[in-house]
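What follows is a walk through a structure for a reader who has not seen it before. Please keep the sequence and the 3D view open while reading.

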Amino acid sequence: MTWTAESLATTARVTSAVPLTAEEQARLRASLGRRFGRELALTITVNPRILGGLIVQVGDVVIDGSLAGKLDTLQERLLREGG
Amino acid sequence: MDVLQNLGINIPLLFSQCVNFGLLFLLLSALLYRPVNRMLAERQARIAEGLEKAKIADQRAAEAEQAYQERIEQARREGQTIIAQATETAEKSRQEILAQAKEEVALLKQRAREELDLERRRVQAELRDEAVHLAAAMARKVLTETLGEAEQHQLVDRVIRRIGEGQL
């Protein structure tokens with residue numbers, strides 16, 4: 001077994017544009033449990049600058065499901081393909 | 001005889017005068033006539049020689065004149081050849097200079113087109129980048145202003161679902 005920051009992390013750092021409801025937090029914990037194979041505690045930060053969606057960081061793994069991230073990706077692709 | 005004497009002619013004198021005339025004729029023939037004839041023959045020979053020399057000189061002069069005319073004609077032909085060669089060389093140089101000038105003009109045009117195209121592409125890229133940044137900024141502004149609480153939670157729910165499905 002390889003010991004990585006991801007495999008050792010017990011907490012998921014979550015950034016949301018709006019405060020998450022308890023039900024959303026529960027479903028997020030469940031989804032993360034299926035994804036990483038273990039229970040993770042959530043540390044939630046509200047940041048409207050991500051526009052919408054969520055950013056989840058577990059160890060070195062970053063799951064960017066934010067609208068700001070999608071916009072950045074789209075903008076970078078347009079700039080790259082345009083050049 | 002008496003008749004001759006009556007006419008005043010003295011026979012012996014006549015005879016002696018005839019003899020004297022004959023002697024004088026022989027003497028003059030020997031001393032004067034032959035040298036004069038020889039001198040005239042020599043003079044005639046000199047005149048003939050002079051005429052021959054004059055004829056030769058005239059012939060030589062004609063030959064010299066012909067040679068001179070030939071040299072003049074040859075010089076004229078050589079001059080025409082030189083002029084033709086110079087004209088041909090000048091025309092060739094003119095053509096070369098013209099071709100070189102055309103080539104340089106074409107090169108300058110090509111460079112100008114390339115620079116223009118490069119500048120056009122640079123401006124297009126700048127405009128495109130600016131448009132992308134502007135569009136992104138407008139999208140952020142629109143999303144910020146239009147997404148309400150319900151839409152935000154719908155987005156959160158979708159992200160949670162996709163994380164669970166392994167799509168993110």
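A good place to start is a pair of strands in chain A: E3(A) and E4(A) are joined by six bridges and run antiparallel. One of the partnerships between these strands links A:Gly53 to A:Ser66, which lies in E4(A). E3(A) and E4(A) make a hairpin, with two residues separating the strands. A:Gly59 sits in that turn and has a positive phi of about 60°. The model in which these features are found is a predicted one.

Strand E3 of chain A also has a partner in strand E1. E1, residues 11-16, and E3, residues 53-58, are antiparallel and are connected by four bridges. Here A:Arg13 has A:Gln57 in E3(A) as its bridge partner. In general, strands of a sheet pair through backbone hydrogen bonds, in either a parallel or an antiparallel way.

The hairpin is part of a wider arrangement. Chain A has an open sheet of four strands, ordered E2-E1-E3-E4, and its pairing is mixed. At the edges of the sheet are strand E2 (41-46) and strand E4 (61-66) of chain A, each of which pairs on one side only. On average, neighbouring strands of this sheet are turned by 15° against each other, with direction ignored.

Helices from both chains pack against these strands. Helix H2 of chain A, residues 22-36, packs on the sheet and touches E1, E2 and E3 of chain A. The direction of H2 makes about 125° with that of E2(A). From the other chain, helix H3 of chain B, residues 149-164, lies across E1, E3 and E4 of chain A. This helix of chain B runs at about 40° to E3(A).

How do H2(A) and H3(B) lie relative to each other, roughly parallel or roughly antiparallel? Two packed helices are described by the angle between their axes and the distance between the axes. The axes of H2(A) and H3(B) come within 8 Å and cross at roughly 20°. Angles under 35 degrees count as roughly parallel, so H2(A) is roughly parallel to H3(B). The crossing of these two helices, H2(A) and H3(B), is left-handed.

The residues that meet in this contact can be named. On the H2(A) side they include A:Glu24, A:Arg27, A:Leu28 and A:Leu32, and on the H3(B) side they are B:Val156, B:Ile160, B:Ile163 and B:Gly164. By type, the residues of the contact of H2(A) with H3(B) are six nonpolar, two polar and four charged.

This helix pair belongs to the contact between the chains, in which 26 residues of chain A meet 21 residues of chain B. On the side of chain A that touches chain B, at least two residues come from each of H2, E3, E4 and helix H3 (67-82) of chain A. H2(A) gives the most to that side, with eight residues. The residues on this side of chain A divide into 14 nonpolar, eight polar and four charged.

Last come the two chains as wholes. Chain A contains three helices and four strands, and its pattern along the sequence is α-β-α-β-β-β-α. Chain A has 83 residues, of which 28% count as buried. Among contacts in chain A between residues at least 6 apart in sequence, 60% join residues at least 24 apart. Chain B has three helices and zero strands, running α-α-α from the N terminus on. Of the 168 residues of chain B, 4% count as buried.

How values were computed: Residues numbered from 1 in each chain as written. Chains lettered and ligands numbered in written order. Predicted model: local features only at pLDDT ≥ 70, side-chain atom pairs only at ≥ 80, totals over all residues. Pairing = 2+ DSSP bridges. Axes fitted to C-alpha atoms, helices over the stretch in contact; angles between N-to-C directions. Contact = placed C-beta atoms within 7 Å. Nonpolar A, V, L, I, M, F, W, Y, C, P; charged D, E, K, R; others polar. Buried ≥ 20, exposed ≤ 12 C-beta atoms within 10 Å, placed from the backbone. Parallel < 35°, antiparallel > 145°, perpendicular 65-115°, else oblique. Left-handed = near helix turned anticlockwise from the far one by under 90°.
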